[in-house]
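Me: I am new to this structure and would be grateful for a close look at one part of it. Please take a single helix, describe how it is placed against a neighbour, and then say what else it takes part in.

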Amino acid sequence: MRVRTRELPAGTESTVDPGQQVSALLTQLPSADNVLAWVRDGDGLVGWGVAAEFRCAGPDRFAAADAWWRELQGTLDVEDEVGLPGTGAVAFVSMTFADGPAESVLVVPRVILGQRDGRVWRTEVGGPEATPVQTVRGPGLVRYAEGQHSVTRYREAVRTAVRRMRGGELAKVVLAHDLLASAAEPFDPRFLLAGLARRYPSCWAYAVAGLVGATPELLLRRNGSDFSSRVLAGTMWPRPEITEDELAAELLASAKNREEHAYAVRSFVDRLGPLCAALEAPDTPEVLRLRNVLHLSTDVRGRLHDDGSLLRLAEAVHPTAAVGGTPTPDAVRLIAELEGMDRGRYAGPVGWIDGAGDGELGVALRCAQLAGNTARLFAGCGIVADSEPDTEVAEAGAKLIPVRDALEGA
């Protein structure tokens, strides 16, 4: 296949609602079919159409996806006028949390639009693509119902996990539950993307194979031998009787949240460290402030021993303690036992990779899996021995708010 990237004149921001701006990239998506996106603060990538697609499952899914992407490179005739990360052929990536039964997905779009540091480009794979432009429409009234793992079952799962942690079985486990949404009209991923990007510009708004969300957590960014990551764990949400600054101080002083965060950072460093020539992880976390929650956050960066594949690096660190637990193998087994549901691609790596092996992968949080008139929403919390079931239920509810608001257009 022929792949051609050419630079475009920089455009101006477009508006979705009067007075509210969203990335111009997202406004260029022509239809609700095959929507692909990874956008933050206006920069990023969007795509549509399918030039190539790969699906896989099982414990070797990262290796299989990496091998397919490397093999595909040999079949491409690439003409790249721009030469930035994200130009040339790009695969949008969404990997499952667990080994199965759901499938991981890599999609190479027919058309990719990108923007970085004021430069804008268009990539066409396999020749020009003419796609009719369809109006973005909201779904109308949205109704909710319990998913595979109800709130009642989630509360009991947290209670069971706390008891077993106090018995010394493990130190931390991240448990999730789901919520089903339905509407009279099909859910348009462009409507959900625009709503999330507008409300949470500091998060990465993404869409791959119907999984749409906005994650605050960057699993890995690779640029040659350099990498960076943003580890999040430990959460509080706004309360009317306390200011945001007071809440941030309370979060930093919380032994429970600091313990949960320390597990996540240590897990990441221990697992990626052997692959690094240099690695920096601050001892003290910062507070990431979002509209609905505050998180403890640590930015990790370093340099790899060699130009290791982004997908194989992701395999080395997934799942981190932030979405799995500590010790990770014990936590993943307990998740399967207590949740009793297939997470699919929720909490798995999501993002993009280019032909040079550069790219960005986040953790698929704050998301919904869209399928026609239905959407399945997910939210989870890190559970440690000091966790209170009712508090964890409230935290998970707070984490569902971004997607619920964006689905409803609130």
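Reply: Axes here are lines fitted to C-alpha atoms, for helices over the stretch in contact, and the angle between two of them is taken between N-to-C directions, on a scale from 0 to 180 degrees. The model is predicted. The part chosen is helix H8, which spans residues 328–339.

The neighbour is helix H3, residues 151–166, whose axis comes within 10 Å of that of H8, the two crossing at roughly 140°. H3 is therefore oblique to H8, since angles over 145 degrees would be needed to count as roughly antiparallel. The crossing of H3 past H8 is right-handed.

On the H8 side, the residues that meet H3 are Leu334, Glu337, Leu338 and Glu339. Their partners in H3 are Arg153, Ala157, Thr160, Ala161 and Arg164. Sorted by class, this contact contains four nonpolar residues, four charged residues and one polar residue.

H8 also takes part in the largest pocket, where it provides the largest share of the lining, four residues. Helix H2 (61–73) and H8 are the elements that give two or more residues to this lining. The volume of the pocket is about 320 Å³. Its lining consists of 18 residues, and those nearest the centre are Arg61, Phe97, Ala98, Asp99 and Val332. By class, the lining has ten nonpolar, six charged and two polar residues.

In summary, H8 meets H3 through residues including Leu334 and Leu338, and H8 also contributes four residues to the lining of the largest pocket.

Conventions: Residues are numbered from 1 along each chain as its sequence is written. This is a predicted model: local features need pLDDT of at least 70, side-chain atom pairs count only at pLDDT 80 or more; totals for chains, interfaces and linings use all residues. Side-chain values use heavy atoms; hydrogens and water are left out. Angles under 35 degrees count as roughly parallel, over 145 as roughly antiparallel, 65 to 115 as roughly perpendicular and the rest as oblique. A crossing is left-handed if the near helix is turned anticlockwise from the far one by less than a right angle, and right-handed if clockwise. Contact means heavy atoms within 4.5 Å. Ala, Val, Leu, Ile, Met, Phe, Trp, Tyr, Cys and Pro count as nonpolar, Asp, Glu, Lys and Arg as charged, and the others, Gly among them, as polar. On a 1 Å grid over the protein atoms alone, a cavity is a set of points where a 1.4 Å probe fits but cannot get out, and a pocket is an open set with protein on both sides within 12 Å along at least five of seven lines; lining residues have an atom within 4 Å of a point. Grid points are joined across faces, edges and corners, and a volume is the space filled by probe spheres set on the points.
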